[in-house]
Structure formats: C-alpha cells, structure tokens
Number of protein chains: 2
Amino acid sequence: MKRLTILGSTGSIGTSTIDVIASRPGEFRVVALAGGRNLDRLAEQARALTPELVAVADAADASRLAGRLPATIRVVSGRDGLVEAARHPDADLVVCGLVGAVGIEPTFAAVDAGKDVALANKEALVAAGAFIVARAQATGARILPVDSEHNALHQCLRGESTDQIKTIWLTASGGPFRGWTKDALAAATPEQALKHPTWVMGPKVTIDSATLMNKGLEVIEARWLFGVSAARIRVVVHPESIVHSLVEFVDGSLKAQLGRTDMRHPIQYALTYPDRRPSTLPAFDLVAAGPLRFAAPDLECFPCLQLAYDALALGGAAPAVANAANEVAVAAFLSHRAGFYDIPAAIRAALNRHAGAPAATLDDILDADRLARQTAIDVLASGVQS
Amino acid sequence: MKRLTILGSTGSIGTSTIDVIASRPGEFRVVALAGGRNLDRLAEQARALTPELVAVADAADASRLAGRLPATIRVVSGRDGLVEAARHPDADLVVCGLVGAVGIEPTFAAVDAGKDVALANKEALVAAGAFIVARAQATGARILPVDSEHNALHQCLRGESTDQIKTIWLTASGGPFRGWTKDALAAATPEQALKHPTWVMGPKVTIDSATLMNKGLEVIEARWLFGVSAARIRVVVHPESIVHSLVEFVDGSLKAQLGRTDMRHPIQYALTYPDRRPSTLPAFDLVAAGPLRFAAPDLECFPCLQLAYDALALGGAAPAVANAANEVAVAAFLSHRAGFYDIPAAIRAALNRHAGAPAATLDDILDADRLARQTAIDVLASGVQS
C-alpha cells in the first residue's frame with residue numbers, strides 16, 4: 001500500500017487525485033491532506049480518507065475544522081502546517097496540487113525529506129527549480145511530473161538518455177484565444193478566457209493557458225525536470241490537445257505521448273509509477289479524435305511566452321519574479337481589475353525591476369517573489385489597465 | 001567499432017544500410033556481404049567495404065564475382081553461403097535485408113550463433129517466429145526490428161514492460177489504392193501499385209503495401225517480436241505515414257514514434273542501439289507535415305489483412321503458408337500474370353490446403369513453404385487470373 005500526502009486536496013488536481021485513489025481500492029492510504037479555504041470539502045475528504053494530519057491555510061479555520069473531525073485527526077495551519085504535511089514521516093509520495101508560488105516551500109520540504117513528489121505545481125520548479133532539483137538529487141527523491149505535457153515527456157523519456165534529446169516539443173492547445181487579433185485580445189474578458197477548448201482546469205491555469213504564460217512556465221519547468229537548455233525546448237501549437245508533448249532525439253526520431261484530456265491519466269501514472277495499472281476511464285479513440293494539427297505559436301499576440309524564455313535566459317531570480325508578477329496580474333484579470341495585456345505588462349515591469357535580485361538561497365527566491373508581487377500590484381494600480 | 005554482416009546488401013535495405021555506414025566513418029566495419037543476382041553492385045560494394053566474405057545466390061556467379069575481387073575476399077554461394085555469412089564469427093550484428101522466405105534460414109542461423117540481428121526481413125518472423133524467437137532467447141541474441149512500424153514500437157517500448165501493453169497499433173499508409181472500389185482494384189496494374197504515396201521501398205514490399213498483406217505480415221511479426229496476442233494487435237490507416245506506429249498501454253496512455261519516411265532512420269537506430277547518434281539526414285518538421293489523419297482499414301476491399309489474422313489464429317505452419325503463397329502471387333502480379341484479387345485467392349487456396357501441415361521443426365516450416373508455393377502456382381495457372 002502506497003502512502004500519500006495530498007497538498008491542495010480541495011483543488012482540481014487534489015480532487016482528481018482522490019478520484020484516482022477511489023478507483024483503485026486497497027492500493028493507497030492517505031496520511032495527510034492540505035487544503036486552502038474550502039473547509040466543507042476538506043472536512044468531507046478528511047472524514048472519508050481519515051488521514052493522520054490535515055493542514056489548512058488559516059489558524060481560525062484550523063480550530064473550526066478540528067471541531068468537525070474525529071479527534072484522531074490532527075489539524076494544523078499556515079505555511080508551517082503545509083510544510084509539516086509535506087514532510088509527514090509516513091508518506092511515500094507527496095502529491096503537490098497547490099496552485100502558485102505557495103507550492104515552493106512544501107515542494108522543497110518534501111524532496112528535502114526524501115519523499116517522491118507527484119508535482120502538478122509548476123510554479124515551484126519555475127521559481128526554485130535549481131534548489132529543488134539539486135535537493136532531490138541529494139536525497140534521492142524522484143520528481144514525477146503531473147502536468148500533462150511534462151508527464152508526456154517523462155513517458156517519452158523512459159528508457160532513453162536525456163543527453164540524446166535534440167528538442168523537447170511542448171504542445172500548446174493555443175487556448176481559447178487562438179487566432180484572435182491583438183485588438184480583440186486587448187478587450188478579452190476573464191469569462192471568455194475561462195472557456196478552455198480542451199482541458200478542464202482551475203482558473204489560474206486556465207488564464208495562463210489563454211495568455212500562453214502557462215506554456216512559458218512549462219518551458220522553465222521542463223528545463224529543470226529534464227536538465228535541457230532553453231534552446232532545446234520549443235513550443236508547438238496543437239489545438240486538439242491529443243498529443244501531450246513530444247521529444248525529438250538527435251537521430252531524427254520523435255516520440256510522442258497521446259491520450260484523452262483528463263488529468264486523472266497523468267495523476268494515475270505518477271501514483272503507480274513505474275507500473276502502469278489498468279484505467280477505469282474511457283479508452284482513447286484515435287480515429288474519432290480527428291486530424292491532429294500542428295502550428296507555430298503566435299509570439300506577437302501572446303508575448304508572455306517570450307517573456308518566460310527571457311526570464312529563463314536571465315536566470316537567477318528572474319523566473320520567480322516573472323511567475324510572481326504573473327500570479328498577481330492573473331488574479332487582477334480574473335476579478336476584472338486588469339486587462340489581458342496588463343498581464344505581460346506587469347511581468348515585464350517586474351522583470352525590469354527585479355530580475356537581478358539575489359538568488360543564492362531559497363529565501364532569496366521567496367524575497368524576490370514578494371518584491372515582484374508588490375511591483376505588479378503597483379503597476380496594475382497605476383493604471384496600465386486597458 | 002561494431003562489425004556487421006549485411007544480408008541482401010544490393011537491395012533497398014542493404015544499400016540504405018551502406019549509406020548509413022558511410023555517413024558514420026570509423027563506427028562500423030563490414031565483415032560479410034550477401035547479395036543476390038546484381039553482381040555489378042555487389043562487386044562495387046565489396047571493393048569499397050572489403051569484407052572477408054561475400055555470398056551470392058548462384059555458384060556460377062560466385063566464380064565470376066571472385067575474378068573481379070581481390071583474392072583476400074572469399075566468395076561463397078547458395079543457401080549454405082548465405083548461412084555462412086549469417087554466422088560469420090567476426091560479426092557483432094547481422095543486418096538482414098533479404099526479401100521473402102529466403103530470409104528464414106539465415107535469420108535463424110544468425111540468432112543461433114548468438115548474433116544480434118537488425119531485421120528488415122519480416123517473412124522470417126512471419127513463417128518461423130516461434131523458432132527464431134525461442135532460439136534468440138536461448139542464445140541471448142537481440143532482434144532489433146528495422147521495419148519502420150516495428151522499429152517505432154521498439155522505440156515506444158523502451159523502458160516499458162510488454163505486459164502493460166493494451167493494444168499495439170500498427171499504422172498503415174493505406175498504400176496507393178486507399179479509397180479505391182473493389183471493381184477498380186480488380187483491374188489494378190503493378191505499375192499503379194508501385195506508386196507508393198509515402199515510402200520508397202523494393203517492389204515486393206510495395207505490392208504488399210498495396211494489398212495490405214504487408215500490414216498483415218507485420219501483425220504476425222509484431223506478435224513474435226513483442227510477445228503480444230493477435231487480439232492486442234490492431235491496424236489503423238494513417239495516410240501521411242508520419243506516425244510510424246503506436247503503443248496503447250493498460251493505463252489509457254499511448255506512445256507514438258514519428259518522423260520522416262526514410263528507412264535510413266530505423267536502420268541507423270538498429271545499428272547504433274542502444275545509443276542514438278546524430279543523423280546527417282534532414283530534420284523532420286512537424287508543422288510542415290500537415291494534419292495527421294487516422295481511419296479504420298477497409299477489410300472488404302483489402303482481404304489480405306484479414307487472411308493474415310486468420311493465418312495467425314490457425315497457427316503452426318499457416319503463417320508460413322500464407323506468406324509463401326503471397327510471394328508467388330505477388331511475383332505473378334508484378335509480371336502481369338495475375339490480377340490484384342488473385343493474390344488473396346492464392347493465399348486462401350494455400351491456407352485451405354496446407355494450414356494444417358506439420359510445424360514441429362524449422363524444416364517442417366520450410367516444407368510447408370514449398371507446398372504452399374506449388375499450390376499458389378497451380379491456382380494461378382488454373383486461371384483465377386482476372
């Protein structure tokens with residue numbers, strides 16, 4: 001029986017993880033859960049899964065939640081609580097489904113404690129990839145990517161040597177705004193952006209997908225997961241989202257991973273790795289999937305992708321800065337306080353101001369993240385809003 | 001330096017193999033060549049590659065050839081000569097590019113001698129897969145498939161466990177007659193059949209591709225290469241020939257291998273395995289490749305595919321019988337002595353008469369092959385010709 005900690009259990013990845021666990025009775029035991037502010041769902045999950053530990057964001061929520069759970073379940077809160085869940089001594093594998101930079105510390109904590117991590121939180125690697133990967137190598141912790149693209153790459157690289165990679169091709173659906181003009185994009189609303197054509201995901205990732213910042217973050221994530229330089233990581237638009245990514249090898253051969261657009265597939269892959277276990281989900285039908293199309297991304301209309309490459313080239317704290325500014329701008333866009341192109345404007349401003357921030361330690365990275373957030377808030381408030 | 005024997009060196013696979021070797025100076029040394037009746041090309045190859053041994057089909061050709069080569073090169077002939085080349089003590093890897101059932105004995109001889117085999121001759125596994133695979137397992141010889149489809153599957157299965165395969169999907173271009181009616185097919189000529197839309201191959205394989213018998217032979221080949229039952233091997237038409245085949249795993253994930261339609265890619269893969277070395281061929285361009293389409297095969301218009309499944313289900317000598325009858329019928333079709341639908345008619349007749357022939361030894365298989373050839377000749381002569 002594999003013992004799991006689920007960080008972000010009430011979110012999209014967390015609930016899908018619990019679905020997968022429920023479909024495979026007797027295979028997994030959940031020892032710790034961490035949720036945010038959705039106390040009802042967290043309480044329900046805790047009663048069903050009876051973990052030893054539950055972490056919530058807020059101290060006041062912790063005591064409210066404790067009153068609703070059996071006394072055998074310990075409830076903790078805040079960043080310390082989250083890190084405690086990530087390090088839970090009984091866990092074999094930590095599923096990190098947290099959204100945003102809040103995932104950095106617990107992901108580092110999990111690999112520091114030698115835990116394998118099923119990682120859906122791309123921001124942890126974007127901001128602190130150098131630290132997390134080095135720590136994982138030192139402790140022997142494995143990072144199993146859950147993001148469908150990196151999960152696809154992980155599958156394509158089984159039995160292969162990463163030094164024989166010529167190019168990693170990250171596929172991008174192109175999001176809901178593929179083919180839109182710059183003028184139309186300037187007036188795009190969060191409601192339009194949330195209508196993703198192929199994937200059901202949380203709101204932050206869905207907006208990132210609409211700006212292509214998601215793909216930019218994935219480029220940075222791939223750089224750390226697979227140890228490949230930015231020049232070898234490219235993006236290709238594939239509107240059907242059937243091919244989840246490809247690896248081109250030095251000998252001219254490409255391998256691709258394909259399948260349904262259901263996050264429970266990559267989650268199950270990470271949970272049962274290195275085994276593959278029968279899925280209870282519907283089978284994929286290649287003939288019914290229709291023609292598979294591929295096109296170059298439009299960097300003019302979607303500047304965030306290039307900004308991510310720029311941040312990766314700048315190195316140091318720059319990716320953390322770009323990521324933090326993006327989080328602030330996406331939140332503003334979602335609540336109608338910013339326009340579509342305010343998102344790249346905020347990232348650009350934060351990079352201009354903080355790309356050179358110290359980046360010698362994980363704390364430096366967290367400081368750069370905070371600085372970038374404040375700059376993004378200031379820039380958005382100063383009325384770049386379109 | 002890897003030492004090679006090339007069987008069928010003057011054919012399509014053989015000359016492509018020599019191209020690959022020439023593109024990687026210092027990596028390979030050719031110790032033996034075996035050709036058929038193209039003495040000029042064989043002499044030229046032997047002078048350039050200076051192997052220790054050259055085998056030709058005919059004894060009279062052998063003495064003619066010996067007179068044109070340095071005395072250090074020994075020339076042998078006939079089936080014994082071919083088997084001697086296949087067992088050459090200095091070879092690390094035997095490239096088997098022979099066409100047809102003539103490949104059975106030397107392929108068996110090579111694995112019997114513990115040689116790794118880069119196998120492009122599908123008929124050897126079709127007719128004698130059980131014997132060849134068992135012998136390879138006993139001696140530790142590896143069979144590295146060169147056929148683009150099986151080479152693709154081999155790549156997709158790196159780092160995977162074959163017991164976690166749900167379905168092997170062999171892609172078929174559909175050949176030059178995809179979408180033709182039965183009436184049109186009944187009148188199809190060899191000249192039309194030889195215009196393959198995506199691959200440049202020898203005439204036998206090209207006709208097999210037009211009848212879908214090629215895909216049927218590949219189903220049988222896959223059964224032996226990967227130890228997967230016929231029920232788990234399926235065919236999907238993919239007119240672009242970009243996806244060279246796919247593996248669907250039990251967890252619902254699919255892996256595909258993609259690339260240019262140039263046999264030098266799978267040949268190089270087999271020659272340098274397990275390494276991948278940089279290719280001197282043009283890179284593949286996914287965007288330029290255009291939409292990738294997939295469709296179910298038309299078993300009505302192309303009965304050979306089902307006949308191959310039938311032969312595999314019958315087991316024993318049946319696949320050898322079907323293969324032998326097909327070879328005879330294809331030769332007749334190529335020389336305008338038989339029509340398109342005489343090919344399945346000859347296979348069906350041979351299966352009806354000889355499917356139950358003894359199959360306890362490799363000699364039994366070779367006997368069944370001979371019986372089936374005679375039956376096919378008789379059936380074609382008796383005027384089923386359309």
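Colleague: How many residues of chain B are in contact with chain A, and what makes a pair count as being in contact?

Modeller: In this predicted model, 41 residues of chain B are in contact with 41 residues of chain A. The test is heavy atoms within 4.5 Å.

Colleague: What area is buried between chain B and chain A?

Modeller: About 3,300 Å², and carbon and sulfur atoms give 55% of that.

Colleague: Which salt bridges does the rule find across the interface of chain B and chain A, and how many?

Modeller: There are 6 salt bridges across that interface. One of them pairs the side chains of R276(B) and E160(A).

Colleague: What makes R276(B) and E160(A) a salt bridge?

Modeller: Their N to O distance is 2.8 Å. The cut-off is 4 Å between a side-chain nitrogen of Lys or Arg and a carboxyl oxygen of Asp or Glu, so R276(B) and E160(A) pass. Besides the salt bridges, the rule also finds 24 residue pairs in polar contact across the interface of chain B and chain A.

Colleague: Which parts of chain B supply at least two residues each to the side that touches chain A?

Modeller: Those are α7 (148–156), β10 (243–249), β11 (254–258) and α12 (264–272) of chain B. β11(B) gives the most, with 5 residues. By class, that side of chain B has 20 nonpolar, 11 polar and 10 charged residues.

Colleague: How do you know that β11 of chain A and β11(B) pair?

Modeller: Count the bridges. Strand β11 (residues 254–258) of chain A and β11(B) share 5 bridges in the antiparallel sense. Pairing needs at least two, so these strands qualify. For one matched position, L254(A) has L258(B) as its bridge partner.

Colleague: What about α7(B), is it mostly covered or mostly open?

Modeller: Mostly covered: 9 of its 9 residues are buried. Among them are E149(B), H150(B) and L153(B).

Colleague: Let's stay with chain B. Why is strand β9 of chain B called mostly covered?

Modeller: In β9(B), residues 233–237, 4 of the 5 residues are buried. Strand β8 (residues 165–172) of chain B runs parallel to β9(B), and 5 bridges join them. L170(B), for instance, has V235(B) in β9(B) as its bridge partner.

Colleague: Which way do the residues of strand β5 of chain B point?

Modeller: L93(B) and V95(B) point one way from β5(B), V94(B) and C96(B) point the other way, and all are buried. That fits a general pattern: in a regular strand, side chains alternate between the two faces of the sheet.

Colleague: What makes strand β1 of chain B and β5(B) a pair?

Modeller: β1(B), residues 2–7, and β5(B) share 4 bridges in the parallel sense. The minimum is two, so they count as paired. T5(B) stands opposite V94(B) there. β5(B) is also joined to strand β6 (residues 116–119) of chain B, again by 4 bridges and running parallel. In β6(B), V117(B) is the residue opposite V94(B).

Colleague: How many salt bridges are there over all chains?

Modeller: The search of the whole structure finds 60. One of them links D92(A) and R3(A), with the closest N and O atoms 3.2 Å apart. D92(A) lies in the loop between α4 and β5 of chain A, and R3(A) in strand β1 of chain A, so the pair ties together parts that are 89 residues apart in sequence.

Colleague: Why is D92(A) called partly exposed?

Modeller: The relative accessible area of D92(A) is 29%. Buried means under 20% and exposed over 50%, so 29% falls in between. R3(A), with 33%, is partly exposed too.

Colleague: What does the salt bridge between K204(A) and E123(A) tie together?

Modeller: Their side chains meet at 3.0 Å, N to O. K204(A) lies in helix α10 and E123(A) in helix α6 of chain A, so the pair ties together parts that are 81 residues apart in sequence. K204(A) and E123(A) are both buried.

Colleague: Why does R24(B) count as buried?

Modeller: R24(B) has 10% relative accessibility, and the limit is under 20%, so it counts as buried. R24(B) forms a salt bridge with E27(B), with the closest N and O atoms 3.0 Å apart. E27(B) has 21%, so it is not under 20% and ends up partly exposed.

Colleague: Which residues are joined into one network by salt bridges that share partners?

Modeller: K122(A), D147(A), E149(A), K215(A) and E218(A).

Terms used:
Residues are numbered from 1 along each chain as its sequence is written. Chains are lettered from A and ligands numbered from 1 in the order in which they are written. This is a predicted model: local features need pLDDT of at least 70, side-chain atom pairs count only at pLDDT 80 or more; totals for chains, interfaces and linings use all residues. Side-chain values use heavy atoms; hydrogens and water are left out. Buried means under 20% relative accessible area, exposed over 50%, partly exposed in between (1.4 Å probe, protein chains only). Buried area is the accessible area (1.4 Å probe) that two parts lose on being put together, summed over both. A polar contact is a pair of N or O atoms within 3.5 Å; within protein, one must be able to donate a hydrogen and the other to accept it, and residues adjacent in sequence count only if both atoms are side-chain atoms. Ala, Val, Leu, Ile, Met, Phe, Trp, Tyr, Cys and Pro count as nonpolar, Asp, Glu, Lys and Arg as charged, and the others, Gly among them, as polar.
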